[in-house]
Amino acid sequence: MAEHLDSRLRLQDCDEASIARALLLMSELHGMSRAARACGMRSDAMRRQLDGTRPLYFETVLGVSRALGLQLRAEAGQ
């Protein structure tokens, strides 16, 4: 999962929607209800943020990442 998300972040045309779709896919594979519970959200509310129906909050991105066992980090660009 980490490699998939990292490859998305490195794409030249990476945007909020592509990151949200990647997190949605990983959440579905991991168990949407389990990931949503770990974020303190209902699964339908989390899904709406990740599928673009509702605004995506950075708090949700961090929560889903943590629920999936991922750690976000920054590094200098090349």
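# Close-up views of a predicted model

**View A. Helix 2 meets helix 3.** Helix 2 and helix 3 pack with their axes 6 Å apart, at an angle of about 110°. Angles of 65 to 115 degrees count as roughly perpendicular, so helix 2 and helix 3 fall into that group. On the helix 2 side, the residues making the contact are Leu24, Ser27, Glu28 and His30. Helix 3 brings Met32, Arg34 and Ala35 to the contact. Sorted by class, the contact has three nonpolar, two polar and two charged residues. Keep in mind for this view and the others that the model is predicted.

**View B. Helix 3 meets helix 4.** Here the packing angle is about 95°, and the axes of helix 3 and helix 4 are 8 Å apart. This pair is therefore roughly perpendicular too. Look for Met32, Ser33, Ala35, Ala36 and Cys39 in helix 3. They meet Ser43, Met46 and Arg47 in helix 4. What classes of residue make up this contact of helix 3 with helix 4? There are five nonpolar, two polar and one charged.

**View C. The largest nonpolar core.** This core has 18 residues. If you want to find the ones with the most contacts inside the core, pick out Leu5, Leu23, Met26, Met46, Leu50, Val64 and Leu68. Four elements each give two or more residues to the core: helix 2 (16-30), helix 3 (32-39), helix 4 (43-50) and helix 5 (58-67). Which helix gives the most? That's helix 2, with six residues. As a bit of background, nonpolar side chains tend to be buried together in soluble globular proteins.

**View D. Leu23 and its contacts.** Let's zoom in on Leu23, listed among the core residues with the most contacts. Skip the residues up to four places away in sequence, and Leu23 touches Leu5, Leu50, Val61, Val64, Ser65 and Leu68. Leu5, Leu50, Val64 and Leu68 are also on the list of core residues with the most contacts.

**View E. Ser27, a buried serine.** Ser27 lies in helix 2. Is Ser27 buried or exposed? Its relative accessible area is 0%, so Ser27 counts as buried. Who surrounds it? Leaving out neighbours within four places in sequence, Ser27 is in contact with Met32, Ala35, Met46, Leu50, Val64 and Leu68. You may recognise Met32 and Ala35 from the contact of helix 2 with helix 3.

**View F. Ala22 and Leu25 in helix 2.** Ala22 lies in helix 2, and so does Leu25. At 3% relative accessibility, Ala22 is buried, while Leu25 is partly exposed at 41%. Ala22 touches His4, Leu5 and Arg8, if you don't count residues up to four places away in sequence. Now try two C-alpha to C-alpha distances. Ala22 and Arg66 are 44 residues apart in sequence and 14 Å apart in space. For Leu25 and Ala67, the separation is 42 residues in sequence and 13 Å in space.

**View G. A salt bridge from helix 2 to helix 4.** The structure holds three salt bridges, and this view shows the one that Glu28 forms with Arg47. The closest N and O atoms of Glu28 and Arg47 are 2.6 Å apart. Glu28 sits in helix 2 and Arg47 in helix 4, so the pair ties together parts that are 19 residues apart in sequence. Glu28 is partly exposed at 39% relative accessibility, and Arg47 is partly exposed at 32%. Both residues have turned up before: Glu28 in the contact of helix 2 with helix 3, and Arg47 in the contact of helix 3 with helix 4.

**View H. Arg42, Asp44 and Arg48 as a network.** Start with Asp44, which forms a salt bridge with Arg42; their closest N and O atoms are 3.1 Å apart. Asp44 also pairs with Arg48 in a salt bridge, and here the closest N and O atoms are 3.4 Å apart. Arg48 and Asp44 both belong to helix 4, four residues apart, which is about one turn of the helix. Because these salt bridges share partners, Arg42, Asp44 and Arg48 join into one network. How open are these residues? Arg42 is exposed, with 53% relative accessibility. Asp44 is partly exposed at 33%, and Arg48 is partly exposed at 27%.

Technical notes: Residues are numbered from 1 along each chain as its sequence is written. This is a predicted model: local features need pLDDT of at least 70, side-chain atom pairs count only at pLDDT 80 or more; totals for chains, interfaces and linings use all residues. Side-chain values use heavy atoms; hydrogens and water are left out. A nonpolar core is a set of buried Ala, Val, Leu, Ile, Met, Phe, Trp, Tyr and Cys residues joined through side-chain atoms within 4.5 Å. Buried means under 20% relative accessible area, exposed over 50%, partly exposed in between (1.4 Å probe, protein chains only). Contact means heavy atoms within 4.5 Å. Axes are lines fitted to C-alpha atoms, for helices over the stretch in contact, and angles run from 0 to 180 degrees between N-to-C directions. Angles under 35 degrees count as roughly parallel, over 145 as roughly antiparallel, 65 to 115 as roughly perpendicular and the rest as oblique. Ala, Val, Leu, Ile, Met, Phe, Trp, Tyr, Cys and Pro count as nonpolar, Asp, Glu, Lys and Arg as charged, and the others, Gly among them, as polar. A salt bridge is a side-chain nitrogen of Lys or Arg within 4 Å of a carboxyl oxygen of Asp or Glu.
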